[in-house]
Amino acid sequence: MKVIGINYLSESSVCLVENGIVKYAISEERLNRKKNWYGIPYASIKKLLKDTKNKISDIDLFATCGLSSLVNDVPDIGYLKKKIYEIKVSKLSKKIKKKQISFLKKRSKHEDYVINVRTRKIIDELKKKFKNLKVFDHHTSHAASAVYNSNFSECYCLTIDGWGDNASAKIFFYQRGKIREINKTSSLDSLGYFYGSITKLLGFKPHQHEGKILGLAAYGDPKKAMKDMSKLISYDKKNKRFKANYEKGIYQASFNNKNLNFLKRKYSAQDIAACAQFLLEKVVLECVNDLSKNKFNLALAGGIFANVKLNQKIKDQKIVKKIYVFPNMGDGGLSIGSALLAYYQKNKKIRVSLENCYLGPQYYKDDLLKEIKKYRLKFLKPKNIEKEIAFLLNKGLVVAHFNNRMEFGPRALGNRSILCSAKNKNINDILNKKLGRTEFMPFAPIVLEKSMRKYFKIKDSLNDYKFMTITCDCKKIMINNSPAAVHIDNTARPQMINKKISLRLFKILNEYKKITKIPVLINTSFNMHEEPIVCSPNDAIRAFLASKIDYLILEKYLIQKP
Ligand SMILES: [Fe+2]
């Protein structure tokens, strides 16, 4: 049975689930080269069908999200009235009350339009193009992506994002295939908008640069701005949901929240970032600890869980046995979530466990040589390419690595990656300059599986470190040997490598270890400034030529800068 999942929201994407297994997945941004592009991913559907040798008639089911646009339960007028009442009876000045109430009314009207007009139109278009279209709830699809790939037979699931289908967070309980919704947080109380509005306030692009705020946070003092910022969000224990405190005068569910501007005049950027991170962790941890009195497994999805530090804090809670973070946690992962829901609905069984994220297209000899010749590049085909790469990396050179199938999701996991040594702390500045980036968090390391416990303070399963979704504390040897991959708070975001995950990376790390005795390298995404990660050999060559990267590896070919 073949199911195609379609996400038309941010980072629109498609996937193919065949007999319950995710066989292929790609985001439209990789093909049209527009970061986080949204809309119906027609080019990706075409590419998926071509690469998997399917015709549209071979597909049994299509699946997508947007259920609230098909049922008349939005907007929630009762809840809006409650929020307005809270503002009316608050101690705020008349002027601020008016401003907050006016925002809430406008926001609700906008959501009503998006759900009942814009989304309905898209779903109508999908229904016309693809017969047998199943439509699921946004957060339930996030939940499905996490629980069905988690290997947990029973767990709680928390989904948190900006907003989708009239909610910004949901709590679920999962048991043997069945996902039961326990509670939801309104989109008016969005933690995604909270963190995104801080991203915008500090001069970065919301819904894209949240990682910079996370990196910056480690340099600041969360206490400094607490008095003002704690007015923004809280956890409502009685109703088991997050609460945006409009009645305290500054929160708005908008990236462009001008109420926050005063913070910049009073506090440094790093202190604001530190406080935002602290508050996010505080409210989410309150929610996690409120889920049950007994220990439980926890599956996580939704854009908020791109926050690797938050994930580490959740994992460290005594009440939590194990966590699983779906690697494409943002809306890009919804294609997989909705396809798995459709598969389960039809077959009442689950046989999914995402072994890896190498789900995208692969390119072969003819494609590669055609592009190399087109750009008249000189190349070598070394006998032992892994040894050659390790040699170059040890010399301090930067190598772009293009190999095998492209990753699905926000992280490059070695197949569309830039590699370099982590031996010197200043490599971050050098690399940021070479790539035209501003990052406050150091680049992440790839590490041989057998060295993971020697280099990091890890007590339980190493499987949590397959997809760079979580940070961990570094041991002294890591801090001394590979300081470029260690953050100021002595954490890192490692990707564990073994033969099964990636034979090529395994061999490179082993060759590098033979020379240096260090089983660690830096891995960062291979893309031009602010462009999506490269997909094709043509993208790779263009990015290579436009950058100051020293060498490009295209599968077996080694290309030097002309
Ligand atoms: Fe979402």
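**Overall dimensions**

I take the radius of gyration over C-alpha atoms, and the rule I hold it against for a globule is 2.2 Å times the number of residues to the power 0.38. What I have open is a predicted model, and I asked what radius of gyration a compact globule of 562 residues would have, and what the chain itself has. The rule puts the former near 24 Å and the chain has 23 Å, so the two agree. I then looked up the extent of the C-alpha trace, which spans about 75 × 60 × 45 Å along its principal axes.

**Make-up, burial and surface**

I noted 19 helices and 22 strands in the chain. Of its 562 residues, 62% count as buried. Turning to contacts between residues at least 6 apart in sequence, I found that 72% of them join residues at least 24 apart. For the accessible surface I have about 23,800 Å², with 51% of that area belonging to carbon and sulfur atoms. I also looked up the charges: there are 106 positive and 51 negative ones, and their mean positions lie 2 Å apart.

**Domains**

I recorded three domains, of which domain 1 is assembled from the segments 2-73, 107-148 and 334-347, while domain 2 covers 158-322 and domain 3 covers 365-560. How far apart are the C-alpha centres of domain 1 and domain 3? I found 31 Å between these centres, and at the contacts between the two domains 14 residues of domain 1 meet 13 residues of domain 3.

**Helices H11 and H7**

I next went to helix H11, residues 308-315, which is mostly covered, with seven of its eight residues buried. The buried ones are Val308, Lys309, Leu310, Asn311, Gln312, Ile314 and Lys315, so that two lysines are in the list. I asked which elements the buried residues of H11 pack against, and the entry names helix H7 (210-217), helix H10 (269-289), strand E11 (296-301), strand E12 (320-325), strand E17 and strand E18 (491-492).

Helix H7 I then examined in its own right, and it too is mostly covered, seven of its eight residues being buried. These are Glu210, Lys212, Ile213, Leu214, Gly215, Leu216 and Ala217. Their cover includes helix H6 (191-201), H10 and H11.

**Two residues with positive phi**

I keep in mind that most residues other than glycine have a negative phi. Against that, I noted Met468, whose phi is near 55° although the residue is not glycine. Met468 sits in the loop between helix H16 (452-455) and strand E17 (472-473). Is Met468 buried or exposed? Its relative accessibility is 3%, and because buried means under 20%, Met468 counts as buried.

The other residue I looked up is Glu530, again not a glycine, with a positive phi of about 65°. Glu530 belongs to the loop between strand E20 (520-525) and H19. Its relative accessibility of 34% falls between the 20% and 50% limits, and I therefore list Glu530 as partly exposed.

**Ala546**

Last, I went to Ala546, which is found in helix H19, residues 537-546. At 55% relative accessibility, a value over the 50% limit, Ala546 counts as exposed. I also checked Ala546 against Asn498: the two are 48 residues apart in sequence, and from C-alpha to C-alpha they are 32 Å apart in space.

Notes. Residues are numbered from 1 along each chain as its sequence is written. This is a predicted model: local features need pLDDT of at least 70, side-chain atom pairs count only at pLDDT 80 or more; totals for chains, interfaces and linings use all residues. Side-chain values use heavy atoms; hydrogens and water are left out. Helices (H or I, at least four residues) and strands (E, at least two) are DSSP runs, numbered from the N terminus. Buried means under 20% relative accessible area, exposed over 50%, partly exposed in between (1.4 Å probe, protein chains only). Contact means heavy atoms within 4.5 Å. Accessible areas come from the Shrake-Rupley method with a 1.4 Å probe; for residues, only the protein chains shown count as cover. Lys and Arg count as positive and Asp and Glu as negative; His and the chain ends are not counted. The place of a charge is taken as NZ of Lys, CZ of Arg, CG of Asp or CD of Glu. Domain bounds come from an automatic or database domain assignment.
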